[in-house]
Amino acid sequence: MKFLVVDDELDVQTLFRQRFRKEIRDGGVDFVFANSGEQALAYMNEHHHEAVLILSDINMPGMSGLELLGKIKQQYTAPTPKVMMLTAYGDAENYNQAMKLGADDFLTKPVDFTLLREKLML
Amino acid sequence: MLKFRILAWIMILLICSDSFSQAKIIDSFNAVLVKSKEDTNKVNTLVALSKATRGSTPAEALLSATKAMKLAQQLKFVKGEANALKYIGMFYFYNGNNVETLDNWLKSLELFKSINDKAGISNILGNIGALYDRQGDDEKSMQYSLQSLQIAEEIGDKMRIATTLQNIGNTYGRKISTSRKGLEYLLRAIPISEELKDQDLYVTLYTNLGEAYSKMNKLDSALFYFQKGIKASRNSEELTTIYIYNYAGKGYAKTGKFDLAISYQKRSVELAKKLDANMDIGKSLLGLGDTYFANNNIPASLATYKEAEIILKNAGAKEELKDTYQGLSKIYERKKDYPNAFHYQNLLLAIKDSIYNIETSKTVSNLQLDYTLSKKESQISLLTKNKELDDLQLKRQKITNIAFGVGFVLIMLFAFVLYRNYQQKQKANEVLEHTLTDLKSTQTQLIHSEKMASLGELTAGIAHEIQNPLNFVNNFSDLNRELLAEMLEEIDKGNLQDAKDIAADVMDNETKINHHGKRADSIVKGMLQHSRTGAAVKEPTDINALADEYLRLGFHGLRAKDNSFNTNMITDYDNSIGLVNLVPQDMARVLLNLITNAFYVVGEKKKENIPGYEPSVTVSTKKLDDKIEIRVRDNGNGIPPSVMEKIFQPFFTTKPTGEGTGLGLSMSYDIITKGHGGTIQATTKEGEYAEFCIELPIK
């Protein structure tokens, strides 16, 4: 299973790799990282049939996570990838907007990895 | 000053002294007109009709005068044509149209001269003098008035002598240095007007005198003459009545008798409306608005000023419009509606600018006037003194007898007035002191609210900025516990290499935990510093780090409010700067302000959907010989030249009402110049960019 993690904070990559080290070692999952919405879209253009689930931050310089969410849900329909938002903003407005744009889930930072693991069914 | 002059021109009304009621006269004229043939009599009747109706129905007055002029031309009746032109001019005069007025009166003057009609010449010369007086051209006004006086003396026209004396009195009265001389002339005209029993003449004179005394702050004398004027006006429907009520109202407002003042000025407005005298409606409303304001009736004052604003704007009365703007600005300031206060302050500045141009040329000619006036003065004296000398000698005997008695009374009166003045000044001082304290506390509140506003911008950014490091601190520390457990397992199994690898990961993670912990710490510290009030201390600061931190905070703050906002952020820091001695929280406030402004304008431009537009904000620093430079540049729409010089003024904002306090740049300016001895400047190209450059001296 492949996950695309989108966040402008570089340490997120280390964090995910270590948190899911066992799953990665067992070969069950694979993580790809993008530092911005633009990078994420570029990746999707090339590998859209691969990505199974996208985890995206909202607040990033350049394209925001919500914009990315909207674009992905519009452009990729066969099948539409699942998108989960991971953000420091737990406020109602961001949540509602994400849901309106078709987000499949919404988690706030600091990330509870036990919960995340359950949601990803790993 | 101008108010003083306004009264002078009412004198032209003097030609008409009614002893019958207005309606009766008009009826009788109409009766004559129906029957009369097309002859010179009809011309004269039409002129008389125009004269009688010019106050009540100006349009009809113009029509009658124009008919009279045409008929006189047909009949080659020069005197009739000259008189008709005079009343056509009169219509434009009341209408405030100076150009048309002068044109008609000059034509009329030529005609009177061609038939050597001295009374007519003197009359028109006086009128033209009054016209120039109204326009503020003292020298020309004096020239025409003096010519008029000379001819009036020649033919012994008392009315003309009185009006000219009054005009000269008002011209002198306008300047503080010659106001006493102005009073003398006005007082000299009084006995003549009483002798002539002309209501309009002495009502105007009393108004002039009251106003002159009021201007010299001799309120008792002022009120005395205002009362005389009101009594003399007998509440008749004349333009002069409008004036006496308005100015008397002002006088009473000055002494704090607001109820009386308001009732007088309401009467003035009502009458002006009835007579359809546009400029006067505006002026009377302005007076009433001033009084309401002085009486602290803010809602009534606001409504009155607003009404005056519209009328004065249409009438093109700049001087009065200026006073109205000033009043409105003060009202909004009192209501703490600062954007509107600032709006009117701007209008006030603009109209002052346009008046100022006129004023400068006036000042120049006034300098010459000081010289010419004294020369003219001796001419007047020559004209009037010969006669006066004879009278004087006769009177002297009598005067000596009563002089002592009158002198004593005058001294007592003078002492009383002085005492009253002293008391009033004391009162005024107290009020001023109170106002100053109010002003100071308002200022402190405003500065505080600006700080709080920018703190609000920060809070959202801070939430995001703190949750992110916390995410790492929590998760990496959690991970390390797991990793250490795994490491122990590996050691137990004897897999030392694996254990070492895990230990390396744990150490890396510890570094990350430490890094993000410090990051959160500095954000919280920064926030505390930002909201701290009181004395700020300069300390060695890494300006690049500070700029970068606030660029991020500003961005996240805005992004939190508007998640569609987006921009490129370009940084170019000069790493050779090192530490600079400055007050970090103050400098942070400046940077945050410049940065959020830049974000705001690129965001606005983005909304215009210009194809190919990429919003971009650049922050750069540079070390020069003895100073450092910090630049914040945006590629928004730039700053229009019209507002360029106002951007550092307090309360100036281009944002919609409620979005900005208008204090950000003004505070930034103070912090940079007063707090750090530096400079802050803006450069811009409209439609392309705006750049703020801060220069700070370094030792």
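Okay, so let's begin where the two chains meet: the contact takes 19 residues from chain A and 20 residues from chain B, with two residues in contact if their C-beta atoms, placed from the backbone, lie within 7 Å. On the chain A side, helix α1, residues 11–19, gives the largest share, four residues. Helices here are DSSP runs of H or I, at least four residues, and strands are runs of E, at least two, numbered from the N terminus. That side of chain A divides into 10 nonpolar, five polar and four charged residues; Ala, Val, Leu, Ile, Met, Phe, Trp, Tyr, Cys and Pro count as nonpolar, Asp, Glu, Lys and Arg as charged, and the others, Gly among them, as polar.

Quick housekeeping. This is a predicted model, where local features need pLDDT of at least 70 and side-chain atom pairs count only at 80 or more, while totals for chains, interfaces and linings use all residues. Residues are numbered from 1 along each chain as its sequence is written, and chains are lettered from A and ligands numbered from 1 in the order written.

Now, the sheet in chain A. Five strands form an open, parallel sheet in the order β2-β1-β3-β4-β5; strands pair if DSSP finds at least two bridges between them. At the edges sit β2 (30–34) and β5 (105–108), each pairing on one side only. Strand β4 of chain A, residues 82–87, pairs with β5(A) over four bridges, and A:M85 has A:F106 as its bridge partner.

And chain B? It has 23 helices and seven strands.
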